[in-house]
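This report covers strand pairing, salt bridges, cysteines and a surface patch. The sequence and structure are shown first.

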Amino acid sequence: MMIYCARITAIGLFVADGLTDKMLITFDSNGPKDCLDYSLSLEPSFREESLFILPGDTLLLAGCSYLITAVGKGAQQALFELGHLTLVFNGDLNPCHIGAVHLSGPVPNLRDLHGELMIAEGHP
């Protein structure tokens, strides 16, 4: 079952710098202007308020399916309210901060960051 879905509307000027550090930040496209240069701008189309993002769920981005390995306790609220997540591509089992979601898999290529970002229950 889908938990969250958003269309990628813009890529900030400094997103490539974050990818170098195995990190990708998202914000709602209506988010704080000073953050949009560092983030992937999202236009949310679906959120299921009754489901929780948990380790073992799947994040789909840039044509890849990522296993979610850790979720900070404030990550889902930040995503639903602000479109804000810090995606960390290192497979860690403990979140580095309350807004982080850790993923197992390769860092996406900047040129592939288009289409949709989706989070679904479980891992296929």
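## Strands 4, 5 and 7

In this predicted model, leucine 59 sits opposite tyrosine 66 of strand 5. The two strands concerned are strand 4, residues 58-61, and strand 5, residues 64-71; they run antiparallel and are joined by four bridges. Two residues separate the strands of this hairpin, and alanine 62 there adopts a positive phi near 55°.

Strand 5 is also joined to strand 7, residues 100-104, again in the antiparallel sense and by four bridges. Within this pairing, isoleucine 68 has leucine 103 of strand 7 as its bridge partner.

## Strands 1, 3 and 8

Strand 1 pairs with strand 3 through seven bridges, and the two run antiparallel. Arginine 7 has glutamate 43 in strand 3 as its bridge partner.

Strand 1 also pairs with strand 8, which spans residues 116-120; this pairing is antiparallel and comprises five bridges. Here methionine 2 has alanine 120 of strand 8 as its bridge partner.

## Salt bridges

How many salt bridges does a search of the whole structure find? The search returns two. In one of them, the side chains of glutamate 43 and arginine 7 meet with an N to O distance of 3.1 Å. Because glutamate 43 belongs to strand 3 (residues 39-47) and arginine 7 to strand 1, this salt bridge ties together parts that lie 36 residues apart in sequence. Glutamate 43 and arginine 7 are thus linked by their side chains and are also bridge partners in the strand pairing. Glutamate 43 is partly exposed, with a relative accessibility of 38%, and arginine 7 is partly exposed as well, at 42%.

A salt bridge also links the side chains of arginine 47 and glutamate 49, with an N to O distance of 3.6 Å. Arginine 47 has 34% relative accessibility and is therefore classed as partly exposed. Glutamate 49, at 54%, counts as exposed, since the cut-off for that class is over 50%.

## Cysteines

The structure contains zero disulfides. Why does cysteine 64 form no bond with cysteine 5, the closest cysteine by sulfur position? The two sulfurs are 16 Å apart, which is too far for a bond, because a disulfide requires the sulfur atoms to be within 2.5 Å. Cysteine 96 is likewise in no disulfide: its nearest cysteine sulfur belongs to cysteine 35 and is 16 Å away.

Is cysteine 64 buried or partly exposed? Its relative accessibility is 28%, so cysteine 64 counts as partly exposed. This residue falls within the range of strand 5, residues 64-71.

## A nonpolar surface patch

Which residues form a nonpolar patch on the surface? The patch consists of Leu13, Phe14 and Tyr38, which together have about 350 Å² of accessible area.

Phenylalanine 14 is located in the loop that runs between strand 1 (2-11) and helix 1 (15-20). With a relative accessibility of 34%, phenylalanine 14 counts as partly exposed. That value is compatible with membership of the patch, because patch residues need over 30% relative accessible area.

Terms used: Residues are numbered from 1 along each chain as its sequence is written. This is a predicted model: local features need pLDDT of at least 70, side-chain atom pairs count only at pLDDT 80 or more; totals for chains, interfaces and linings use all residues. Side-chain values use heavy atoms; hydrogens and water are left out. Two strands pair if DSSP finds at least two bridges between them. Buried means under 20% relative accessible area, exposed over 50%, partly exposed in between (1.4 Å probe, protein chains only). Patches are made of residues with over 30% relative accessible area and no salt bridge: like charges are joined within 9 Å, nonpolar side chains (Val, Leu, Ile, Met, Phe, Trp, Tyr) within 5 Å. Accessible areas come from the Shrake-Rupley method with a 1.4 Å probe; for residues, only the protein chains shown count as cover. A salt bridge is a side-chain nitrogen of Lys or Arg within 4 Å of a carboxyl oxygen of Asp or Glu.
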